[in-house]
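Please open the structure in a viewer and keep the selection panel at hand. The tour proceeds by selection, and each stop states what is to be found there.

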Number of protein chains: 2
Amino acid sequence: MSVRAPVTNVWLIEDNSAFREALARVIRDSSSLDCSRTFSSCEEALQALHTTTPPEVILLDVGLPGMSGIEGIQHIKTAAPATQIIMLTMFDDHDKVFKSICAGASGYLLKTAAPGKITDAIQEVLAGGAPMNSRVARSVLDMFAKLAAPHADYGLTGREKMVLELMVRGLIKKEIAEQLSLSYHTIDTHLRNIYQKLHVHTRTGAVAKALKERLF
Amino acid sequence: MSVRAPVTNVWLIEDNSAFREALARVIRDSSSLDCSRTFSSCEEALQALHTTTPPEVILLDVGLPGMSGIEGIQHIKTAAPATQIIMLTMFDDHDKVFKSICAGASGYLLKTAAPGKITDAIQEVLAGGAPMNSRVARSVLDMFAKLAAPHADYGLTGREKMVLELMVRGLIKKEIAEQLSLSYHTIDTHLRNIYQKLHVHTRTGAVAKALKERLF
DNA sequence: AAACGACTCCCGTGAACGCGGGATTTACAG
DNA sequence: CTGTAAATCCCGCGTTCACGGGAGTCGTTT
């Protein structure tokens with residue numbers, strides 16, 4: 001068993017010095033957390049990452065001058081993959097939330113949250129959670145639902161879906177015929193029917209439509 | 001201004017009668033909520049939806065006998081699109097979370113949560129939020145990051161990406177040439193280079209790869 | 001029994017494609 | 001200054017495609 005206290009290192013990247021110092025103090029006041037370093041820009045923090053042991057958690061402002069927080073995520077994740085990143089923001093801007101998440105952020109908090117909420121959030125991240133404002137969570141859910149939802153149906157038959165799938169995999173007609181133990185002419189006919197149903201007239205168009213709308 | 005109290009109707013679908021009744025009581029105890037009806041299966045609830053005014057919120061067990069909660073979401077959303085659905089579950093099973101969200105659930109709670117948390121969650125949904133256990137939230141974030149992350153780079157040049165995009169839109173070489181005010185031969189060369197870089201040898205293959213891996 | 005849809009197979013033609021070879025210009029780095 | 005890489009342009013050949021036509025076999029529905 002380890003003898004040293006289980007203190008978690010947290011870095012803070014935030015350009016507003018008043019907010020930065022206030023938040024750093026709150027974190028240091030927590031017995032299990034230590035805000036070992038603070039920065040006013042991503043660039044500085046990135047440089048420090050190359051010469052220092054990375055912290056467990058970084059609190060990162062979304063709207064930073066110079067390199068934005070969102071760009072910062074990618075660079076931080078490259079330099080320190082194990083470090084968890086919690087984004088701080090003034091507003092729950094849909095687009096920024098989306099981009100942050102895609103870049104690999106582990107949490108998304110509003111700066112207007114109570115200081116205690118922020119230390120709670122750090123603990124939550126360490127426990128494998130993803131703290132976020134519930135409106136933010138809703139945005140994420142809605143995006144997901146939209147992403148997977150439509151699934152239009154053009155009345156493709158089973159055989160046609162099969163052929164379409166093989167087409168997506170890049171097989172030419174002859175190869176599809178072999179794969180399904182059919183004649184070249186049969187595949188040709190299937191393609192015509194598929195084109196008609198999808199309102200396209202090239203295999204490229206059919207494949208694009210199939211992938212975009214998750215057919216077959 | 002309305003005179004009647006702003007009481008929100010909540011339905012509860014849960015097969016375990018003990019848990020169902022206990023939770024119903026908690027909801028009824030809340031001044032602003034009313035658990036007007038409870039069901040032990042999706043089928044019963046669905047039938048009720050056709051003869052009764054739908055509630056604002058439905059609490060839905062994921063693991064139901066007969067029609068599962070996940071299937072239930074789709075049917076409920078069809079019968080009552082405005083009704084918000086909060087899923088209840090014993091475990092935070094990745095796959096079930098994913099499927100529920102895709103089907104349109106607005107929240108995802110663990111049954112082990114304190115009763116007060118559940119009424120809080122209902123209020124949160126009504127306020128446009130998406131209550132969820134923070135581990136669940138993490139699953140969702142991870143899925144998102146994985147979905148959008150890879151973004152492999154095959155070293156395509158700007159011009160090649162441009163050409164690839166037009167190819168995805170279904171244009172033939174001649175049309176791409178016109179669109180970019182270039183010679184047919186130039187496009188031909190670009191295509192060869194793209195094929196080489198993507199390790200394919202047909203436009204279909206290139207388009208499939210471009211769409212799957214979000215190139216350009 | 002007739003009708004329909006899904007699935008199968010065949011022929012021929014002109015257009016588009018993939019790829020083998022070339023080439024030049026511009027721009028930037030060693 | 002001399003590579004190198006991107007972007008542009010050209011020719012010809014054999015393959016593959018899209019589509020015009022055609023037909024036959026099942027199985028279900030009416």
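The stops below cover the relation of the chains, their interface, the sheets and the surfaces near the DNA.

**Stop 1: the two protein chains**

The model is predicted. Begin by selecting chains A and B together. Chain A is superposed on chain B by a rotation of 180 degrees with 0.6 Å of shift along the axis, and the RMSD is 0.6 Å. That is the relation of a two-fold axis. To locate the axis from chain A, select A:Thr204: its C-alpha is the nearest in that chain, 2.7 Å from the axis.

**Stop 2: the interface**

Which surface does each copy use to meet the other? Of the interface residues of chain A, 97% are also interface residues in chain B, so the copies meet through the same surface. In this interface, 32 residues of chain A are in contact with 32 residues of chain B.

Next, select helices α4 (94-103), α6 (134-148), α7 (158-168) and α10 (203-212) of chain A; these are the elements that give two or more residues to the side of chain A that touches chain B. The element that gives the most to this side is α6(A), with 9 residues. Colouring by residue class shows 18 nonpolar, 9 polar and 5 charged residues on the side of chain A that touches chain B.

**Stop 3: the sheet of chain A**

Now hide chain B and display the strands of chain A. Five strands in the order β2-β1-β3-β4-β5 form an open sheet in chain A, and the pairing is parallel. At the edges are β2 (33-39) and β5 (107-110) of chain A, each of which pairs on one side only. On average, and with direction ignored, neighbouring strands of this sheet are turned by 25 degrees against each other.

Select β1 (residues 8-13) of chain A with β2(A): the two run parallel and are joined by 6 bridges. One point to label is A:Leu12, whose bridge partner in β2(A) is A:Thr38.

Then add helix α3 (residues 69-79) of chain A. Helix α3 lies across β3 (57-61) and β4 (84-89) of chain A, and runs at about 155 degrees to β3(A).

**Stop 4: the sheet of chain B**

Restore chain B and hide chain A. The open sheet of chain B has 5 strands in the order β2-β1-β3-β4-β5, paired in parallel. Its edge strands are β2 (33-39) and β5 (107-110) of chain B, each pairing on one side only. Neighbouring strands of this sheet are, on average and with direction ignored, turned by 25 degrees against each other.

The strand pairs may be taken in turn:

- Select β1 (residues 8-13) and β2 of chain B, which run parallel and are joined by 6 bridges. B:Leu12 has B:Thr38 as its bridge partner in β2(B).
- Select β1(B) and β3(B), which are parallel and joined by 4 bridges. Here B:Ile13 stands opposite B:Leu60 of β3(B).
- Select β3 (residues 57-61) and β4 (residues 84-89) of chain B, which pair in the parallel sense over 5 bridges. B:Val57 has B:Gln84 as its bridge partner in β4(B).

To follow the connection between strands, add helix α1 (residues 17-29) of chain B: β1(B), this helix and β2(B) make a right-handed β-α-β unit.

**Stop 5: DNA strand C**

Show both protein chains again and select DNA strand C. Of the 20 residues around this strand, A:Thr157, A:His185, B:Ile172, B:Lys173 and B:His201 come nearest. The elements giving two or more residues to this surface are α7 and α9 of chain A, together with α8 (173-179) and α9 of chain B. Which helix supplies the largest share of the surface near DNA strand C? That share, 5 residues, comes from α9(B). By class, the surface near DNA strand C divides into 4 nonpolar, 9 polar and 7 charged residues.

**Stop 6: DNA strand D**

Finally, move the selection to DNA strand D. Among the 21 residues around this strand, those that come nearest are A:Lys173, A:His201, B:Thr157, B:Leu182 and B:His185. At least two residues of the surface near DNA strand D are supplied by each of α8 (173-179) and α9 (184-198) of chain A and α7 (158-168) and α9 (184-198) of chain B. The largest share, 5 residues, comes from α9(A). The class composition of the surface near DNA strand D is 4 nonpolar, 10 polar and 7 charged residues.

Notes: Residues are numbered from 1 along each chain as its sequence is written. Chains are lettered from A and ligands numbered from 1 in the order in which they are written. This is a predicted model: local features need pLDDT of at least 70, side-chain atom pairs count only at pLDDT 80 or more; totals for chains, interfaces and linings use all residues. Copies are superposed by least squares on the C-alpha atoms of residues with pLDDT of at least 70 in both. Two residues are in contact if their C-beta atoms, placed from the backbone, lie within 7 Å. Two strands pair if DSSP finds at least two bridges between them. Axes are lines fitted to C-alpha atoms, for helices over the stretch in contact, and angles run from 0 to 180 degrees between N-to-C directions. Ala, Val, Leu, Ile, Met, Phe, Trp, Tyr, Cys and Pro count as nonpolar, Asp, Glu, Lys and Arg as charged, and the others, Gly among them, as polar. A residue is near a molecule or strand if its C-beta atom, placed from the backbone, lies within 6 Å of it. A crossover is right-handed if, with the strands pointing away from the viewer, the path from the first strand over the helix to the second runs clockwise.
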